[in-house]
Amino acid sequence: MTHPSEPENITEPAQLRFLRRLVTTLTVIMVGGVLVVIALLVIRLSDDTSAPRLPADITLPDGATARAVTFGTGWLAVVTTDDQILILDSETGALRQSIQID
C-alpha cells in the first residue's frame, strides 16, 4: 500500500487499452456518418430542380371534375370522374391530348 499523498500507478492491460481505442474510433466514425447523412438529406431536400412545375391556371373542359393528377416532364395528366385522361402542357396549361378510358 502506498502513502495517500502518492498516486498509485496502475498499468492498463493491453486488451483494455485496445478496446478503449476501438470504442473511441467507432464513436468518431458513427458521429461522422450521422453528420454525412444529415448533410446529404439537407442537400437533397433543398434541391428545387426536381419539383414539378405547375401552370398558374388549369382549365378543365366543361363538366369535367378532377379525380387524380400526375406529373411528367413537360406535361401533367388529369384523370376525370367521367373516365377520361387529359394531358396538359405543364407550362401553359393547354390541352395536348384527351384519352377516353373504355
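## Exercises: salt bridges and a four-stranded sheet

The structure holds 3 salt bridges (a side-chain nitrogen of Lys or Arg within 4 Å of a carboxyl oxygen of Asp or Glu). This is a predicted model, in which local features need pLDDT of at least 70, side-chain atom pairs count only at pLDDT 80 or more, and totals for chains, interfaces and linings use all residues. Residues are numbered from 1 along each chain as its sequence is written, and side-chain values use heavy atoms, with hydrogens and water left out.

**Exercise 1.** Find the salt bridge partner of E12 and say how exposed the two residues are.

*Solution.*
- Step 1: E12 pairs with R20, at 3.1 Å from N to O.
- Step 2: Recall the classes: buried means under 20% relative accessible area, exposed over 50%, and partly exposed in between (1.4 Å probe, protein chains only).
- Step 3: E12 has 30% relative accessibility, so E12 counts as partly exposed. R20, at 42%, is partly exposed.

**Exercise 2.** Locate the salt bridge between D83 and R67 along the chain.

*Solution.*
- Step 1: The closest N and O atoms of D83 and R67 are 3.9 Å apart.
- Step 2: D83 lies in the loop between β2 (75–80) and β3 (84–89), while R67 belongs to strand β1 (residues 66–72). Strands here are DSSP runs (E, at least two residues), numbered from the N terminus.
- Step 3: The pair is 16 residues apart and links distant parts of the chain.
- Step 4: R67 counts as exposed because its relative accessibility is 52%; D83, at 36%, is partly exposed.

**Exercise 3.** Work out the strand order of the sheet and name its edges.

*Solution.*
- Step 1: Strands pair if DSSP finds at least two bridges between them. β1 and β2 run antiparallel and are joined by 6 bridges.
- Step 2: The order in this open sheet of 4 strands is β1-β2-β3-β4, with antiparallel pairing.
- Step 3: β1 and β4 (95–100) each have a single partner strand, so they stand at the edges and one side of each has no neighbour in the sheet.

**Exercise 4.** Describe the surroundings of I87.

*Solution.*
- Step 1: I87 sits in strand β3.
- Step 2: The relative accessible area of I87 is 14%, so this residue is buried.
- Step 3: Leaving aside residues up to four places away in sequence, I87 touches W75, L76, A77, A94, L95, R96 and Q97. Contact here means heavy atoms within 4.5 Å.
- Step 4: One of these, R96, also forms a salt bridge with D89 (2.8 Å, N to O). D89 is buried, at 16% relative accessible area.
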